[in-house]
Amino acid sequence: AAMYGIDVETLQRMQGASRTIDTSVEAIIRSRQKLKQNMASDSKEISEAFKELGVSLKEWGPNGILGNPEWVTRNWEDVFWDVGAKLPENVANGKISQDQADVYAQALFGKSWANLNTIFELGKEGFKALYDSQDVVSEESIKNLAELNDQLNTLKGDFNSLKDEVIGQLAPNLTDAAKALDGVLSNVMDYLQTEKGQQKYKKL
């Protein structure tokens, strides 16, 4: 979770949702991260992509210090879904070709863009409903389970040490017993090879 800059519960919900629509949580997160970077980019290519798709990065926000509305950067999540909707829409109305749409998608979302089709087919509200429906384990519970696992591993290590110590202490006696048993078996085998032993064996 820390690697992606999100909390554990959010990651669990995204993992569950991504499995349902047969994509990867990495693709979702990386594409969002790429889009956020592009929203702050001054690249001509990126600016053209947003412009051609008809996606604005600015909107009128709340009143500023002087009491007038401010022209502010839009929320990146709104832009994410807006781009996702505009790509097929512009292809359908003939404004851009599918090849050009693919170029814009890769420029804005990065290499993960090809895994986003199922997400955009759901749309913002559909994905939100799927996301909200996922069962999660709280971060505290995960931490407690991790601590329990550490304790069990420690206990297992202590048990193995005790087992080795006990076997080590018993080893000399076990070795002597094995030697004695080997001697007895050797005597029995020698006896069975004698004439008298053969007669006794046939009577068994």
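Arg74 has a relative accessible area of 15%, so it counts as buried, the cut-off for that label being under 20%. This comes from a predicted model. Tucked away or not, Arg74 still finds a charged partner: its side chain forms a salt bridge with Asp82, and the closest N and O atoms sit 3.0 Å apart.

Next comes a pair that links two helices. Asp78 and Lys124 meet through their side chains in a salt bridge, with 2.7 Å from N to O. Asp78 belongs to helix 4, which covers residues 76-92, while Lys124 belongs to helix 6, which covers residues 117-132, so this contact ties together parts that are 46 residues apart in sequence. As for how much of each partner shows at the surface, Asp78 is partly exposed, with a relative accessible area of 28%. Lys124 also gets the label partly exposed, with its relative accessibility at 37%.

Back in helix 4, there is a pair of a more local kind. The side chains of Lys86 and Glu89 form a salt bridge, with an N to O distance of 3.7 Å. That still makes the list because the cut-off is within 4 Å. Why can these two reach each other along the helix? Lys86 and Glu89 are 3 residues apart in helix 4, which means that about one helical turn separates them. Glu89 is partly exposed, its relative accessible area being 40%.

Taken as a whole, the structure holds 4 salt bridges. Among them are the buried Arg74 with its partner Asp82, the link between Asp78 and Lys124, and the pair Lys86 and Glu89.

Terms used. Residues are numbered from 1 along each chain as its sequence is written. This is a predicted model: local features need pLDDT of at least 70, side-chain atom pairs count only at pLDDT 80 or more; totals for chains, interfaces and linings use all residues. Side-chain values use heavy atoms; hydrogens and water are left out. Buried means under 20% relative accessible area, exposed over 50%, partly exposed in between (1.4 Å probe, protein chains only). Helices (H or I, at least four residues) and strands (E, at least two) are DSSP runs, numbered from the N terminus.
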